[in-house]
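Good morning, everyone, and thank you for making time for this. Before I begin, please take a moment to look at the sequence and at the model, and keep both in view while I talk.

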Amino acid sequence: MSLHDEGHTVAGWTGTAIATVGSGLLGWGVCAVSVPALVGGGAVGAASILVTWYLHLAGWGKPPGPRPRTQWALGARDTSARDGHLGCVGCRLAGRGRRTGSVLEPVTATGEAEPATARTGG
């Protein structure tokens, strides 16, 4: 395994395998000048994205950044996937991402925070 822990997951390998088949089908479609093969290759490529995303959300992927060395095994399942990963675009698209940061308060022209009663009308 690499010391950088990149992509060593069930979701990563499965998505790569499906995308490789889709790329091969696209290549064959170009060589054979076959529109059905091109469409099929594109569909398989799109399916690879969806399958990888589903597996990531099911816990077979990994959060962004390095994991502890004890979780580097290919079959290691991520138990934090249900809540969403911090900074993960896939989790945010699924509505799972952890929200960070503070709520922005509107300010007046003088730079002071606007009172809450002014915003609620009460």
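Let me start with a definition: the helices I will speak of are DSSP runs of at least four residues, numbered from the N terminus. With that in mind, and remembering that this is a predicted model, you can follow the elements from the N terminus on and read them as α-α-α-α. In other words, the secondary structure comes to 4 helices and 0 strands. The protein has 122 residues, and 22% of them are buried.

Now to the loop between α1 and α2, where we find valine 33. The phi angle of valine 33 is near 50 degrees, which is a positive value in a residue other than glycine. Is valine 33 buried or exposed? Valine 33 counts as exposed, because its relative accessibility is 72% and the cut-off for exposed is over 50%.

Moving on to helix α2, which spans residues 35-60, I would like to pick out two residues. Isoleucine 49 lies in this helix, and since its relative accessibility is 59%, isoleucine 49 counts as exposed. Its C-alpha atom is 9.2 Å from that of threonine 16, although the two residues are 33 apart in sequence. Leucine 50 is also placed in helix α2, and with a relative accessible area of 53%, leucine 50 is exposed as well.

Leucine 50 brings us to a feature of the surface, for it forms a nonpolar patch together with Trp53, Val89 and Leu93. Taken together, these residues have about 430 Å² of accessible area. The elements that give two or more residues to this patch are α2 and α3, the latter covering residues 89-93.

Next, the pockets, and here a general remark may help. Rolling a probe the size of a water molecule over the atoms shows where empty space is left. In this model, the largest pocket holds about 200 Å³ of space. Its lining is made of 13 residues, and the closest to the centre are Thr52, Trp53, His56, Lys62 and Cys88. Which element gives the most to the lining? That is α2, with 4 residues, while both α1, at residues 10-32, and α2 supply at least two residues each. As for the character of the lining, its residues divide into 6 nonpolar, 6 polar and 1 charged.

Let me finish with one of those central residues, cysteine 88, which lies in the loop between α2 and α3. Cysteine 88 is buried, because its relative accessible area is 7%, and buried means under 20%. Which residue, 24 residues away along the chain, has its C-alpha atom 6.3 Å from that of cysteine 88? The residue is proline 64, and if you locate both of them on the model, you will have this pair in view as we go into the discussion.

Conventions:
Residues are numbered from 1 along each chain as its sequence is written. This is a predicted model: local features need pLDDT of at least 70, side-chain atom pairs count only at pLDDT 80 or more; totals for chains, interfaces and linings use all residues. Side-chain values use heavy atoms; hydrogens and water are left out. On a 1 Å grid over the protein atoms alone, a cavity is a set of points where a 1.4 Å probe fits but cannot get out, and a pocket is an open set with protein on both sides within 12 Å along at least five of seven lines; lining residues have an atom within 4 Å of a point. Grid points are joined across faces, edges and corners, and a volume is the space filled by probe spheres set on the points. Ala, Val, Leu, Ile, Met, Phe, Trp, Tyr, Cys and Pro count as nonpolar, Asp, Glu, Lys and Arg as charged, and the others, Gly among them, as polar. Patches are made of residues with over 30% relative accessible area and no salt bridge: like charges are joined within 9 Å, nonpolar side chains (Val, Leu, Ile, Met, Phe, Trp, Tyr) within 5 Å. Accessible areas come from the Shrake-Rupley method with a 1.4 Å probe; for residues, only the protein chains shown count as cover. A salt bridge is a side-chain nitrogen of Lys or Arg within 4 Å of a carboxyl oxygen of Asp or Glu. Buried means under 20% relative accessible area, exposed over 50%, partly exposed in between (1.4 Å probe, protein chains only).
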